Amino acid sequence: MKCPICGGETPDGSEFCGVCGSRLTPSSGGGVPSEGDLHAAETMITGSVWPRLQVISGIDQGQEFKLQGRTRMGRAQDNEIILNDPKVSRHHAVFNLESEGWFITDLGSANGTFINGQLIDEPYRLQSGDRIKVGDVELVYTEPAAEQPTPSAEPAYPAAEAAPATPVAPAKPAKKKGGVPKGLWIGCAVLLALILLVACVGVVLTVVLPNLQ
């Protein structure tokens with residue numbers, strides 16, 4: 001079946017186009033797509049980044065598949081992911097996008113679905129890097145890394161210059177108090193005492209002693 005939106009070949013009975021991801025409604029089997037179909041397809045193409053499944057061992061090793069909407073996997077030709085392994089059931093497992101993320105559910109397959117070596121019996125929330133094994137085929141589930149905004153380079157500001165140190169004014173010498181120094185007073189007093197002593201001795205020698213003889 002050919003997708004009326006992008007023209008890509010899609011297995012008969014598929015719900016979504018394996019190329020552009022648009023929903024294949026019964027009305028889009030061969031007629032002209034409605035305006036709503038075109039709008040939905042445009043939204044899915046431009047507004048979504050889908051996780052991938054890559055076959056890392058078994059038949060079709062190296063092949064890659066996109067998960068777009070509800071995606072069935074199995075051996076039958078009406079699956080979105082077709083695996084040509086005889087140990088894979090016709091409708092082996094299905095991938096669904098829920099609010100919490102992508103889930104894989106086993107559809108009652110004969111040989112089971114294994115995630116990282118563990119058999120699952122209920123819907124399993126996939127994480128990037130999980131290994132899915134169905135039959136002899138092993139696939140790795142990879143989610144596209146979310147683009148991180150590149151931090152804008154912050155302008156380099158010059159380091160703040162240290163404020164110049166305020167020069168310390170040299171200590172001013174203490175002013176001498178006015179008047180005669182104390183030492184000079186003491187010297188004068190001693191000198192005066194000596195003069196008086198000499199005068200007294202002179203009086204004694206010249207006046208007192210001659211009168212006593």
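Here is a walk through this predicted model, from its overall layout down to single residues.

A word on ground rules: since the model is predicted, local features need pLDDT of at least 70 and side-chain atom pairs count only at pLDDT 80 or more, while totals for chains, interfaces and linings use all residues. Residues are numbered from 1 along each chain as its sequence is written, and side-chain values use heavy atoms, with hydrogens and water left out.

Let's begin with the whole chain. The protein chain has 2 helices and 11 strands; helices (H or I, at least four residues) and strands (E, at least two) are DSSP runs, numbered from the N terminus. Read from the N terminus, the order is α-β-β-β-β-β-β-β-β-β-β-β-α. Of the 213 residues, 27% are buried, where buried means under 20% relative accessible area, exposed means over 50%, and partly exposed is in between (1.4 Å probe, protein chains only). The accessible surface comes to about 14,800 Å², with 59% of it belonging to carbon and sulfur atoms; these areas come from the Shrake-Rupley method with a 1.4 Å probe, and for residues only the protein chains shown count as cover. Among contacts with a separation of 6 or more, 35% are between residues 24 or more positions apart, a contact being heavy atoms within 4.5 Å.

Now for the strands. Five of them make an open sheet of 5 strands in the order E4-E3-E5-E6-E9, with mixed pairing; two strands pair if DSSP finds at least two bridges between them. E4 and strand E9 (124-125) each have a single partner strand, so one side of each is left without a neighbour in the sheet. Strands of a sheet pair through backbone hydrogen bonds, either parallel or antiparallel. Both kinds turn up around E3 (residues 71-74). With strand E5 (residues 93-98), E3 shares 3 bridges and runs antiparallel, and Arg72 stands opposite Val94 there. With strand E4 (residues 81-82), E3 shares 2 bridges and runs parallel, Gly74 having Ile82 as its bridge partner. Towards the E9 edge, 2 bridges join strand E6 (residues 101-106) to E9 in antiparallel fashion, and Ile104 is partnered with Tyr124.

E3 is worth a second look, as both of its faces are covered: Thr71 and Met73 are buried on one side, Arg72 and Gly74 on the other. So what does Arg72 meet in a salt bridge? The side chain of Asp78 is its partner, at 3.4 Å from N to O. Here a salt bridge is a side-chain nitrogen of Lys or Arg within 4 Å of a carboxyl oxygen of Asp or Glu. Arg72 counts as buried because its relative accessible area is 18%, whereas Asp78, at 24%, is partly exposed.

The structure holds 5 salt bridges. Another of them joins Arg125 to Glu143, with the closest N and O atoms 3.8 Å apart. That pair links distant parts of the chain, since Arg125 is in strand E9 and Glu143 is in the loop between E11 and H2, 18 residues apart. Arg131 and Glu138 also meet in a salt bridge, at 3.8 Å, and Arg131 is partly exposed at 42%.

Next, the inside. The largest nonpolar core has 21 residues, of which Leu53, Leu83, Phe95 and Leu139 touch the most other members; such a core is a set of buried Ala, Val, Leu, Ile, Met, Phe, Trp, Tyr and Cys residues joined through side-chain atoms within 4.5 Å. Two or more residues each come from strand E1 (52-57), E5, E6, strand E10 (131-134) and strand E11 (137-142), with E11 giving the largest share, 3 residues. Leaving aside neighbours within four places in sequence, Leu53 is in contact with ten-odd residues, including Phe65, Ile81, Phe95, Ile132 and Leu139.

On the outside, helix H2 (residues 182-212) holds Val190, which belongs to a nonpolar surface patch with Ile186, Leu191, Leu192, Leu194, Ile195, Leu196, Leu197, Val201 and Leu205, together offering about 950 Å² of accessible area. Patches are made of residues with over 30% relative accessible area and no salt bridge, like charges being joined within 9 Å and nonpolar side chains (Val, Leu, Ile, Met, Phe, Trp, Tyr) within 5 Å.

Lastly, a backbone detail: Asp60 has a positive phi near 65° without being a glycine, and sits in the loop between E1 and strand E2 (64-66).
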